[in-house]
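Trainee: I would like a close look at a single part of this model. Please start with one charged side chain, its partner and its setting, then work outward to the other charged contacts and the pockets.

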Amino acid sequence: KTRTLTSRLINLIEQGVRANEICALTFTNKAAREMLLRIEKSLTEDRKPLISTFHSLGAKILREEAWLLERNSRFVIFDDHDSMGLMIKIVKAAGIKNPDLGPAYFSQKISEIKNGKIALNELKKSESPEDKTILQVFRRYENDLSKNNAFDFDDLIEKVVKVFKSYPTVLKKYERRFPYLLVDEYQDLNNKQYDLIKLLAGKT
């Protein structure tokens, strides 16, 4: 399927589409590198398409738009180890004693919120003590990320979707930058990846 996507990309360039107006998204850095190598012979100018993973694209966009999320362009990206370290501090500070509600549990729940598996609005309406605790930890976690000028890995897609939905002029800028959008393994998209593609494709 990656080969099919590469063929489509080459076909667009051969039809006269400017390479830098094309954004091709895949799931792994390896696939992105392979695609770029395959199309290099078809490039007749210095312009190149953006061939990227979803998360790398998100990071590029956030470098430009981080100020809209109370960060600056020098933000750091927390990996799983960094995120867990922060979560351990938050859970300890909150005085949560329930052994079933440890840092790993809250990390999983926050990831599910950011990936669209748990609806944040529904969580806010819930009267469940456990849901209220999840919301409390989520808010503290998000606040601490902001204070550290940081995003976690899930933010690289979730926060871009948030910016696009909140600032239509910013979304329009990227729609114009990449009028041609190609997606590898489309059927494997999660909720937020689908939202990102739908927004970029102008199907809001």
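Mentor: Take Glu175. In this predicted model, Glu175 has a relative accessibility of 16%. Buried means under 20%, so Glu175 counts as buried. Its salt-bridge partner is Lys172, with the closest N and O atoms 3.0 Å apart. Lys172 has a relative accessibility of 37% and therefore counts as partly exposed. The pair thus joins a buried residue to a partly exposed one. Both residues sit in helix 9, which spans residues 168-177. They are three residues apart, about one turn of the helix.

Now set a second pair beside that one. Lys109 and Glu112 form a salt bridge at 3.8 Å, N to O. Both belong to helix 5, residues 103-114. Their spacing is three residues, about one turn of the helix. Here the lysine, Lys109, is partly exposed at 22%. The glutamate, Glu112, is buried at 18%. The buried class ends at 20%, so Glu112 at 18% falls inside it, while Lys109 at 22% does not.

A third pair involves sequence neighbours. Glu158 and Lys159 meet in a salt bridge at 2.8 Å, N to O. Both of these residues are buried. They also belong to a wider network of salt bridges. Its members are Lys114, Glu142, Asp152, Asp155, Glu158 and Lys159. Across the whole structure, the search finds 14 salt bridges.

That network leads to the largest pocket. Its volume is about 390 Å³. It has 17 lining residues, and those closest to the centre are Phe138, Glu142, Glu158, Lys159 and Lys162. Glu142, Glu158 and Lys159 are also members of the salt-bridge network. Helix 5, helix 7 and helix 8 each supply at least two residues of the lining. Helix 8, residues 155-166, is among these, and it gives the most, with six residues. By class, the lining has nine charged, five nonpolar and three polar residues.

The second largest pocket holds about 210 Å³ of space. It is lined by 13 residues. Nearest its centre lie Asp80, Ser83, Ser107, Tyr141 and Asp154. Helix 4, residues 80-94, and helix 5 each supply at least two lining residues. Helix 4 gives the most, with four. The classes here are six nonpolar, three polar and four charged residues. Helix 5 is a contributor to this lining and to that of the largest pocket.

Last, check two backbone angles. Glu70 has a positive phi, near 60 degrees, and is not a glycine. It is in the loop between helix 3 (54-65) and strand 3 (76-78). Its relative accessible area is 67%; exposed means over 50%, so Glu70 counts as exposed. Asn149 also has a positive phi, about 50 degrees, without being a glycine. Its loop runs between helix 7 (129-147) and strand 4 (150-152). Asn149 has a relative accessible area of 17% and is therefore buried. Both angles are positive in loop residues, but Glu70 is exposed, whereas Asn149 is buried.

How values were computed: Residues numbered from 1 in each chain as written. Predicted model: local features only at pLDDT ≥ 70, side-chain atom pairs only at ≥ 80, totals over all residues. Heavy atoms only, no water. Salt bridge = Lys/Arg side-chain N within 4 Å of Asp/Glu carboxyl O. Buried < 20%, exposed > 50% of the residue type's maximum accessible area, 1.4 Å probe, protein only. 1 Å grid on protein atoms, 1.4 Å probe; cavity = no way out; pocket = protein on both sides within 12 Å on 5 of 7 lines; lining within 4 Å. Points joined across faces, edges and corners; volume = space filled by probe spheres on them. Nonpolar A, V, L, I, M, F, W, Y, C, P; charged D, E, K, R; others polar.
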